[in-house]
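Notebook open, structure viewer up. I'm jotting down what I look up as I go, beginning with a burial check and working outwards.

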Amino acid sequence: MSVRIRYFIEGIVQGVGFRPTVYKIATSLNLKGFVLNSSNGVLIEVEGERAEDFLDYLKNNLPPLAKIDSIKKEKLPLANYKILLLNLLWIMKKVFLSLLI
């Protein structure tokens, strides 16, 4: 069964290859959604049948210089994302997401 999960991850997660790693893992698990930087960390939303597996894969495959200090997890209603987006700008987020829903 598909689920949608939002993660907010704080730590050394910017400038260390974290978002490309998230993209690679999510793609390998056939997940859709997005990953983007914020001023305090990285925001990730993944949706699909293997969304519950995502965090374990991420923790076990972090880039060498990345370090996770905290993770906030929230289950959300399905958004029926069609693709996985990487490197969204905060300003453009709502525009792109409205096109995906």
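Is Y7 buried or exposed? I looked up its relative accessible area, which is 0%, so Y7 is buried. Worth writing down before anything else: this is a predicted model.

**Entry 1: the overall layout**

I took stock of the chain next. I count 3 helices and 5 strands in the protein chain. Read from the N terminus, the order of elements is β-α-β-β-α-β-β-α. The protein chain has 101 residues, and 44% of them count as buried. I also checked how far apart in sequence the contacts reach: among contacts with a separation of 6 or more, 75% are between residues 24 or more positions apart. The exposed surface of the protein chain comes to about 5,900 Å², with 56% of it supplied by carbon and sulfur atoms.

**Entry 2: the aromatic pairs**

Back to Y7, this time for its ring. How many aromatic pairs are there? The count is 2. In one of them Y7 pairs with F54, and the geometry is tilted, with 5.7 Å centre to centre and 35° between the planes. Y7 sits in strand β1 and F54 in helix α2, 47 residues apart, so I noted this as a link between distant parts of the chain. F54 has 0% relative accessibility, so it counts as buried.

The other pair is F34 with Y81, which is edge-to-face: 6.2 Å centre to centre, 85° between the planes. This pair links distant parts of the chain too, with F34 in strand β2 (residues 32-37) and Y81 in the loop between β4 and β5 (84-86). I looked up burial for both partners. F34 comes out buried because its relative accessibility is 1%, and Y81 is buried as well, at 8%.

**Entry 3: the nonpolar cores**

Which residues touch the most other members of the largest nonpolar core? My list reads Y7, F18, I44, V46, F54 and L58, out of 22 residues in that core. The elements giving two or more residues to this core are β1, α1 (18-28), β3 and α2 (54-59). There is a second, separate core of 7 residues, and its members include F8, L43, Y81 and L85. A reminder to self: in soluble globular proteins, nonpolar side chains tend to be buried together.

I picked F18 for a closer look. Leaving aside neighbours within four places in sequence, F18 is in contact with I9, V13, V42, I44, L58, L62, P63, A66 and I68.

**Entry 4: strand pairing around β1**

What does β1 pair with? I found two partners to write down: strand β3 (residues 42-48), antiparallel over 7 bridges, and strand β4 (residues 67-76), antiparallel over 9 bridges. For individual bridges, F8 has L43 as its partner in β3, and R4 has L76 as its partner in β4. Y7 and F8 follow one another in my notes on the two cores, with Y7 listed in the largest one and F8 in the second. A general point goes beside that: in a regular strand the side chains alternate between the two faces of the sheet.

**Entry 5: R4**

R4 is in strand β1 (residues 3-12), and I wanted its surroundings. How does it count, buried or exposed? R4 has 13% relative accessibility and the cut-off for buried is under 20%, so it counts as buried. Its side chain makes a polar contact with the side chain of E45, at 2.8 Å. Not counting residues up to four places away in sequence, R4 touches a list of residues that includes E45, E47, E74, K75 and Y81.

**Entry 6: the β2-β3 hairpin and N40**

β2 is mostly covered, with 5 of its 6 residues buried. β2 and β3 run antiparallel and are joined by 6 bridges, and they form a hairpin with 4 residues between them. N37 stands opposite V42 in β3.

N40 is in the loop between β2 and β3. Its relative accessibility is 52%, so N40 counts as exposed. Leaving out neighbours within four places in sequence, the contacts of N40 are F8, E10 and Q14. I checked the backbone spacing to F8 as well: the C-alpha atoms of N40 and F8 are separated by 9.1 Å, with their positions 32 residues apart along the chain.

Methods: Residues numbered from 1 in each chain as written. Predicted model: local features only at pLDDT ≥ 70, side-chain atom pairs only at ≥ 80, totals over all residues. Heavy atoms only, no water. Buried < 20%, exposed > 50% of the residue type's maximum accessible area, 1.4 Å probe, protein only. Polar contact = N/O pair within 3.5 Å; in protein donor to acceptor, adjacent residues only side chain to side chain. Contact = heavy atoms within 4.5 Å. Pairing = 2+ DSSP bridges. Core = buried A, V, L, I, M, F, W, Y, C linked by side-chain atoms within 4.5 Å. Areas by Shrake-Rupley, 256 points an atom, 1.4 Å probe, with all protein chains shown as cover. Phe/Tyr/Trp six-rings, centres within 6.5 Å; stacked < 30°, edge-to-face > 60°.
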